[in-house]
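Visitor: I should be grateful for a close look at a single part of this structure, namely one helix together with the elements it packs against. Please treat the residues concerned in some detail.

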Amino acid sequence: MIFKRKFGGYMFSRTLKNIAFVTVLFFSWTSAGGATLAHAVSINSQQVTNTSGQPETSPEEQLATLIAEIETTLADPGDDLKQVRKDLREKLKEVDRLDREIRQGFDKTHQKLFQAGVDETIFQRHERFIATYENNIAELKQNIQELTTPTDRSNFSLAAETAMTHFKKAITPKRYQQLDPENLPHRLLKPLYKEPRMKREEFDQELNQAKTSLINQRHILLASTDPVENPFGPIELSETIEVQFTQDIQAKAAELNHDPVQIYNWVRNNIEFVPTWGSIQGAQMTLETGQGNAFDTASLLIALLRTSGIKARYVMGTVELPIDKIMNWVGDFSDPLAALDFMSSGGVPTKGLVSDGKIVAARIEHVWVEAFVDYIPSRGAKHLQADTWIDLDPSFKQYDYTSAMDIQAAVPFDGQALLDHIQATATINEEQGYATGVDSLYLQQTMQDYQAEVEAYFEQNHPDATVGDVLGKKGVVIEESSFLLGTLPYRTAVVGQAFSDIPDSLRHKVTFVVENEEADDPYADLDDTETQDLTLRLTKSWPELAGKKITLSYSPATASDEAVLESYLPEPHADGTPIEIDELPTKLPAYLINVIPELKIDGEIVASGEPVGLGGTNSFTMSFRDPGYGSSNVSNYINAGEYQAIGLNPGRISKEQLEALKTNLETTKTKLETQDFTNLDKDDLIGDLLYATAISYHAELGAFNFITSKAMGVNALTLPSETIFATKLQVLTLWGIPRFVKPGGLNMDADYLMQAAKAKNGDNDQVKQYMLSSGMTSSALEHEVPEQLFSTEESPAYAISTVKALALANEQNIPIYTIDQDNLSTILPELQIGSQVKTDIQNAVNAGKVVTVSRSNISFYGWTGCGYIITDPETGAGAYMISGGSSGSIFVYMALASFIIPVVFLVALTTAPLALILGVALIGYALRSYLSGINSYLDKVEAGEMSQEMADKLIKTRSILTIFTNFVPIFIGRESEFNALPKILIPFTQILFDLLGPFFSDKI
């Protein structure tokens, strides 16, 4: 079957054979902690056969399994009803046995509660749960009994229907957040074609509505003189959300001698411009990251001026610039329309001005600074007595660019030969449209051979090559004026009002909402029959959150709940010896404990919710508001009691963020080793560990995206994004009520990764290639980063991500399909995967997306599921999913898990003194392992110029990207379809990991 479809102005066609081949090529090589896939698979096989040491399942878990088995039997009883009735009689005996054991457990729980001296409220919860259980277990037995007596199929079917209705109430399925195919987690923002305002009244209206401190002062292009006294009040010297006089800000101002000329020159010459719109970072974060849009750069300049005693304020208006200046300013574009689209994608109101059929200039909305300085007669060179408000624009500048080395021309790579070999050796099914069995060893050897050729070339011809030589350089055209001009370097079409504080409508914001999804369930809150507002809600601006640790965790709702929890913790040893891991509980009675959600910023509680039963379902929604694009929501179901760290990325992760986290972790480690628990709480321990992992993910992804975009001739921006790294709970429910919770590992969920990207030459296909590569990288890092940070040579850790799951499926010879609207009806029934995944696939394909998925699940260190990719064929945007609805990864094995996870589980819940549950050796060892991972990041970070070692690695990286950029077009221009492009990216992504590791830099 051959069909055609149009993408981006090009007509593509493909055969199923080509799609099948390219599909498996994509998954032919990934790794766990740097090992080859073959090694990962061999480890997996060993783990599957090694079931020793697994904890025994509880009677409740056995009952749940038994009910599921009976459901399966009744769904398809077959022809031999006599045998089915016999089997059911045996299962009824098993239910009786489990019922006795469960009741014995209730008695033990009652005795424990009595010994702990808990109050009457807890006993009431216990008795009500027992009553609910007794009613339902009796109905269960009755239903099974009735199934054992009918002799004809009609009566059996009626009894089975009644029983099945009750069975479905017994075990509550986990809530599943369906994917919205129109809002994929890894996506581009489309250009926002909003024309700049051309009337002052339009600017004034927005500012007046925001009720900010406004200054109705006539603005003209040349500097104007105000009276020496300050008619505007002290607000131009005040701190605001964006303008904070932090130690770093004060130190930088002092370093610049509090001199307005030096301050302006430094900000202009050192802060890289980012074409986005609205306040995102604030002054401190802009100083740390070394980049910012017009709002953020203005905030930094204003903060440095105000902390130096110099009044300063913002001005917004519409300005006009020659198109060549804009093309240079926003990224060395060769296509003027692409440059304007790039700015529009960042939300900047933009309009091209055309003359004789060509774009010759552009009109944009912009923000700059006014400062009240000693302008007459020295023009700011001597700042003694301020007398004049003058315009300063630290954002607008020009750059010098140097081209990257053309490695492909110097060392050609034969992509066609690689394609031909793998196509000849792979297993391809043209009729069904799948393939598997790519020769990953050959692919690996080919890449290594080409790397060696490139290294030899550089050794002979460019032995001293630097990072800039390899990737190309970008440097500000430095201006070191000895005075302030007092004018702007462009024409101002409209100047709006000045303002001392950025209007709230121009700030990027995040709203956090935690709601109890079980509010309508009669068993959700056994202590309160009245309707309650069960909502945690908080809205903060990005400048308030940038660079700060954000966590969502749970604490016991009352002293009674705390008492129940403490009753399950071991008593301190009389001789002072550490508590052993086997003394810690492996599960907790969820129905006895209520908890409350707590949102913290840098360890301080900023919002709390209403009580919910431990293990109950909460809906956690984050709403991200962009001043230009509006709001986008990210929603997930979480189990009450899990600990979530929310890593926000305003555009770049700074070196200072990781260093601060490293310092905090080292301080915690020292306290634990010296048994000093003063002012130590769970957010210092669990929160820092989780948050550092989420932020490290953003840092590493940013580095790879930077390198990949440079190699592909694409300008790419990371827009405000979010990733969660969290603990997970396993919850066993009986008839709608959580019975037990126990630790369930760790989970990475990168569900909001936003970018703006545009090829310098305007080629949309290059952007698609970049987005696919970035998406594959983002998925692979979801298992790579946690493995890097939590592994040691003696104690490895393994996680599963989308790309890893698909790679393992390929190595296990499980067919991998590419599904679109033409083959959905044929392929979907063949998939041996979960119904929820099938629903995601069907919804995505019906919305015009393309899905890549293995035919069946894989098993990896006890985890069973599949990975699947949903791709937008128009843009390359994607969702990289694993079974369970997570856009990320799950920790499936950690050698330290036998003691780390139980400790994390308990620390995440309790507010009791940590000394009661922490063995210093346990957490101390875990922290030492983790800190070694953090150190591997910081050791790679260089101030300014990079090390020669890193330059060598980037040379190798450039060679791999050369393979990629010359290999992909083979598929684009011929009989393959753009849908198939994702399949070729994992091998190249993995090579990047091996070469670069956790590299990122503030500047190159």
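Guide: What follows describes one helix and its surroundings, and then turns to a further sheet. The model is predicted.

The helix in question is H13, which spans residues 336-345. At its N-terminal end, Asp-335 acts as a cap, with a side-chain oxygen 3.2 Å from the backbone nitrogen of Leu-337. Beyond the helix comes Gly-347, which has a positive phi near 95 degrees.

H13 is mostly covered, since eight of its 10 residues are buried. With buried taken as under 20% relative accessible area, these residues are Ala-338, Ala-339, Leu-340, Asp-341, Phe-342, Met-343, Ser-344 and Ser-345. As a general point, an α-helix has 3.6 residues a turn, so residues three or four places apart point the same way.

The buried residues of H13 pack against helix H12 (323-329) and against four strands: S9, S10, S27 (714-718) and S29 (737-759). Two of these partners, S9 and S10, form a hairpin with two residues between them. Strand S9 covers residues 350-355 and strand S10 covers residues 358-373, and the two pair in the antiparallel sense over six bridges. Ser-355 has Lys-358 in S10 as its bridge partner. Within the turn, Asp-356 has a positive phi of about 55 degrees.

Another of the packing partners, S29, contains Arg-739. This arginine is buried because its relative accessible area is 1%, and the cut-off is under 20%. Leaving aside residues up to four places away in sequence, Arg-739 touches Glu-60, Phe-106, Phe-129, Leu-588, Pro-589, Ala-590, Tyr-591, Leu-732, Thr-733 and Leu-734.

A further sheet may be set beside this description. Four strands in the order S18-S17-S24-S25 make up an open sheet with antiparallel pairing. Strands S18 (535-541) and S25 (630-639) stand at the edges with a single partner strand each, so one side of each has no neighbour in the sheet. From one strand to the next, the twist averages 15 degrees. Strand S24 (residues 617-626) runs antiparallel to S25, and 10 bridges join the two. Among the paired residues, Phe-624 has Ser-632 in S25 as its bridge partner. In general, the strands of a sheet pair through backbone hydrogen bonds, either parallel or antiparallel.

Notes
Residues are numbered from 1 along each chain as its sequence is written. This is a predicted model: local features need pLDDT of at least 70, side-chain atom pairs count only at pLDDT 80 or more; totals for chains, interfaces and linings use all residues. Side-chain values use heavy atoms; hydrogens and water are left out. Two strands pair if DSSP finds at least two bridges between them. Buried means under 20% relative accessible area, exposed over 50%, partly exposed in between (1.4 Å probe, protein chains only). Contact means heavy atoms within 4.5 Å. A polar contact is a pair of N or O atoms within 3.5 Å; within protein, one must be able to donate a hydrogen and the other to accept it, and residues adjacent in sequence count only if both atoms are side-chain atoms. Axes are lines fitted to C-alpha atoms, for helices over the stretch in contact, and angles run from 0 to 180 degrees between N-to-C directions.
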